[in-house]
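Please load the structure in the viewer and display the side chains. The tour below proceeds by selection, with a description of what is found at each stop.

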Amino acid sequence: QETAADFSLGDERYRFGVAGIAQRLRYVGSPLGVNASPGALAAGLTGSSSVLAREAIAVNVGASAATPTAATATAEECPELQPWLSQTRDALSQAEAHGATSGVEGDLSSLEADALRQAAAEVAALGQTQRGIAAPEAAVAANRLVVTALSTYARGLEVVANAAAAQDPDLLAQGQSVLADAGQLLGRGEETVSGLASGCPSAQSA
């Protein structure tokens with residue numbers, strides 16, 4: 001799937017799927033009894049699609065911060081961890097800044113849909129960048145957690161943006177619930193990153 005645009009049906013907004021997932025399309029059709037351009041055949045089609053594969057990461061939001069098995073980074077691992085620690089801390093900081101400046105806790109009438117969508121796009125980009133990082137072995141689990149946190153946060157911002165555009169209080173509550181879950185994930189991510197940094201004195205002082 002290459003695109004996943006929102007659309008309206010009545011007073012509700014919808015979006016089928018998400019860009020990047022693989023789907024199987026099954027369809028049937030028959031020629032139509034209409035005049036088509038020379039060399040072309042007009043046919044009517046009907047069908048359905050189903051998702052073949054999409055990434056799913058199970059995260060227990062209510063659990064205390066987990067420490068990856070390699071979190072007790074040794075001094076020998078620090079040179080590999082330091083670039084990842086710096087970039088990951090920066091991504092988490094930027095995501096929190098977007099949340100702070102977007103006013104997602106404000107009244108529905110005061111929310112700006114365009115600004116929220118921009119924030120969602122930027123946080124989603126942070127998540128994609130984080131996903132593409134070749135994390136050191138000691139940070140693989142932590143990197144997965146941070147990617148999940150950023151993706152969830154971007155999704156929550158997008159839902160709130162849709163709520164602002166439609167002035168829909170129920171959709172706003174849904175978006176704020178997603179953001180609350182994302183906030184917990186971000187907190188766990190920060191704790192996990194800090195746990196890894198604790199084994200690297202130079203990273204702690206950075």
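Begin by selecting asparagine 162, which is buried, with a relative accessible area of 11%; the cut-off for that term is under 20%. The model under inspection is a predicted one. Asparagine 162 is found in helix H3. Next, display its surroundings, leaving aside the neighbours within four places in sequence: asparagine 162 is then in contact with Asp6, Arg13, Arg117 and Leu171.

Now extend the selection to the whole of helix H3, residues 140–166, and add helix H4, residues 169–197. Two packed helices are described by the angle between their axes and the distance between the axes. For H3 and H4, the angle is about 160° and the axes lie 8 Å apart. The pair is therefore roughly antiparallel, since angles over 145 degrees are classed in that way. The crossing of H3 and H4 is left-handed. Colour the residues of this contact by character: 19 are nonpolar, nine are polar and two are charged.

For the last stop, select helix H2, residues 113–131, and pick out glutamine 130 within it. Is this glutamine 130 buried or exposed? Glutamine 130 has a relative accessible area of 1% and is therefore buried. Finally, display the residues around glutamine 130, again without the neighbours within four places in sequence. Its contacts are Trp84, Gln87, Thr88, Ala91, Asn143, Val146, Val147 and Leu150.

Technical notes
Residues numbered from 1 in each chain as written. Predicted model: local features only at pLDDT ≥ 70, side-chain atom pairs only at ≥ 80, totals over all residues. Heavy atoms only, no water. Helix = DSSP H or I, 4+ residues; strand = E, 2+ residues; numbered from the N terminus. Buried < 20%, exposed > 50% of the residue type's maximum accessible area, 1.4 Å probe, protein only. Contact = heavy atoms within 4.5 Å. Axes fitted to C-alpha atoms, helices over the stretch in contact; angles between N-to-C directions. Parallel < 35°, antiparallel > 145°, perpendicular 65-115°, else oblique. Left-handed = near helix turned anticlockwise from the far one by under 90°. Nonpolar A, V, L, I, M, F, W, Y, C, P; charged D, E, K, R; others polar.
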